[in-house]
Amino acid sequence: MVDLQRILTESQREVDKIKAKEFNVKVEIGREEATGELALSDNKTYLKYLLEERDMRGKANMIYIDPPFFSKAKYDAAIKVDSSIPAVKLLAYEDNLDLTDYLKMVTVRLLLMKEILADDGTIWVHLDWHASHYVKIILDEIFGEKNFVNEIIWTYKSGGSGKKHFSRKHDSILVYSKTGKYYLNPGQEKSYNRDFKPYRFKGVKEYKDELGWYTMVNMKDVWHIDMVGRTSAERTGYATQKPEALLERIIEASTKEGDLCCDFFAGSGTLASVAERLGRRWIMADSGMLAVTSATNRLAKAGANFKVLSSTSFKSAGSVTFKHFFEKIEMTDKYHLILDLKKYVPKNLEEKVDEKSLKDIQKIDSLKLIQCWSVDFDYDGKVHRPSQFFTEGQLRCEKLLSGPRTINVQVIDIFGNLIQKEIVL
């Protein structure tokens with residue numbers, strides 16, 4: 001029998017004992033002021049830092065979290081490296097806590113998130129059948145039963161089949177407010193008339209499309225949105241990636257342009273990707289290096305302006321070799337620098353992939369294992385501020401420069417490793 005009151009009491013004690021660490025900016029991407037922040041950290045430590053060191057109490061207009069579901073499963077990221085070998089599977093995270101520890105993990109973080117949430121904000125907690133019933137009671141205790149807003153049912157086509165149960169084709173998203181004065185704009189959707197024929201009721205506006213006649217009604221709490229398909233352009237390969245259409249609906253319903261959206265189980269960065277596109281500010285955190293590097297690559301390619309923070313130094317797990325040469329510009333003090341990425345040697349791969357994948361990887365050019373790389377031509381020794389960013393397959397960098405300088409090159413591979421190399425000119 002689960003003792004929820006004991007879990008709440010012990011979780012509050014843990015919250016009180018958490019000490020805020022110092023976080024430093026490691027990477028700044030973009031040429032304009034940052035609208036987003038991505039932290040490599042256990043989210044409870046980062047939340048405590050936001051509260052105690054950054055005065056973020058009551059500043060988040062919306063929080064969305066997609067925590068582990070208490071599924072007792074391992075989740076892989078499937079990364080396509082080369083057409084000649086199958087997708088490489090990497091462990092993204094393990095959802096293996098027992099029930100009491102799982103609920104404590106969630107409760108500690110919800111207590112901290114309540115402090116971050118604005119008085120007119122909402123929190124959206126994404127779960128499935130495994131533990132949503134337990135977490136709903138915990139949310140009732142933390143936020144108050146009267147502040148329950150909705151249970152959104154997200155239904156989809158994929159997965160969930162079995163011979164001993166009906167196919168499980170939905171997740172639950174529990175929505176709570178902090179006070180009764182929360183912002184929510186649920187929007188409207190089509191409601192088709194019976195037999196798709198006009199009703200012609202007085203005062204009721206009716207419309208017609210290729211299916212037939214319909215009226216516009218407030219959006220219902222059951223959402224039919226497809227999962228991210230295997231061939232979808234937005235697919236990153238990260239385990240449990242959620243579709244941008246789902247986050248778009250949540251963000252548009254719960255925030256206005258310029259508002260702050262948060263996700264403390266960031267995964268591959270779907271919330272930030274959508275928030276950036278919709279003109280919202282954002283904060284995300286994840287303890288997994290694979291998640292943070294995947295999100296960094298995704299957001300940089302989308303042209304986002306953001307910072308990456310950490311309380312520890314990044315540890316390299318590989319080595320890179322560059323060849324650089326100059327072409328002097330006559331009658332000036334400038335030179336044309338050409339920087340070629342020549343070799344990449346990953347380390348400790350046996351810890352990240354199975355034996356079969358390791359053999360497949362060894363058959364291909366190791367440069368194909370690089371997900372992205374970037375170059376800071378004026379490195380200050382602390383923060384990597386790249387002015388050029390390259391995705392997979394681009395191996396040459398060119399730049400017009402002058403004078404002596406330190407260049408910092410940062411390479412991210414498909415395994416979540418981040419390798420830095422300084423070149424002094």
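Let's start with helix 7, residues 289-301, which lies across strand 18, strand 19, strand 21 and strand 22. Helix 7 runs at about 110 degrees to strand 19; angles go from 0 to 180 degrees between N-to-C directions, and axes are lines fitted to C-alpha atoms, for helices over the stretch in contact. Helices (H or I, at least four residues) and strands (E, at least two) are DSSP runs, numbered from the N terminus.

A quick word on what you are looking at. This is a predicted model, where local features need pLDDT of at least 70 and side-chain atom pairs count only at pLDDT 80 or more, while totals for chains, interfaces and linings use all residues. Residues are numbered from 1 along each chain as its sequence is written, and side-chain values use heavy atoms, with hydrogens and water left out.

Now, what does helix 7 lie across? The four strands form an open sheet in the order 19-18-21-22, and their pairing is antiparallel. Strands pair if DSSP finds at least two bridges between them. Strand 19 (388-391) and strand 22 (418-424) are at the edges with a single partner strand each, so one side of each has no neighbour in the sheet. On average, neighbouring strands here are turned by 15 degrees against each other, direction ignored. If you'd like a spot to zoom in on, try strand 18 (residues 370-376) and strand 21 (residues 406-413), which run antiparallel and are joined by six bridges. There, D376 has N408 in strand 21 as its bridge partner.

Please move along to another open sheet, with three strands in the order 16-17-20 and antiparallel pairing. Its edge strands are strand 16 (318-328) and strand 20 (396-402), each pairing on one side only. The twist from one strand to the next averages 25 degrees. Between strand 16 and strand 17 (residues 334-346) there are eleven bridges in the antiparallel sense. Look for T321, and you will find K343 of strand 17 standing opposite.

Next, the helices, and helix 1 is a good guide. Helix 1 (residues 4-17) packs with helix 3 (residues 99-116) at an angle of about 55 degrees, their axes 9 Å apart. The two are therefore oblique to each other; under 35 degrees would count as roughly parallel, over 145 as roughly antiparallel and 65 to 115 as roughly perpendicular, with the rest called oblique. Helix 1 passes helix 3 in a right-handed crossing, meaning the near helix is turned clockwise from the far one by less than a right angle, while anticlockwise would be left-handed. On the helix 1 side, the contact (heavy atoms within 4.5 Å) includes L4, L8 and V15, and on the helix 3 side L103, V108 and L111 are among the residues. By class, that contact has eight nonpolar, four polar and three charged residues. Here Ala, Val, Leu, Ile, Met, Phe, Trp, Tyr, Cys and Pro count as nonpolar, Asp, Glu, Lys and Arg as charged, and the others, Gly among them, as polar.

Helix 1 also packs with helix 4 (residues 132-143), again at about 55 degrees, with axes 11 Å apart. That makes helix 1 oblique to helix 4, and their crossing is right-handed. L4, Q5 and L8 of helix 1 meet I137, I138, E141 and I142 of helix 4. These residues divide into five nonpolar, one polar and one charged.

And how does helix 2 sit against helix 3? They pack at an angle of about 25 degrees, with axes 10 Å apart, which makes helix 2 roughly parallel to helix 3. This crossing is left-handed. Among the residues of helix 2 that take part are N43, K44 and L47, and helix 3 brings V108, R109 and L112, among others.

Let me finish with K44, which belongs to helix 2 (residues 43-52). Which residues does K44 touch, leaving aside neighbours within four places in sequence? They are E14, I18, V108, R109 and L112. The side chains of K44 and E14 share a polar contact of 2.7 Å. A polar contact is a pair of N or O atoms within 3.5 Å; within protein, one must be able to donate a hydrogen and the other to accept it, and residues adjacent in sequence count only if both atoms are side-chain atoms. Thanks, everyone!
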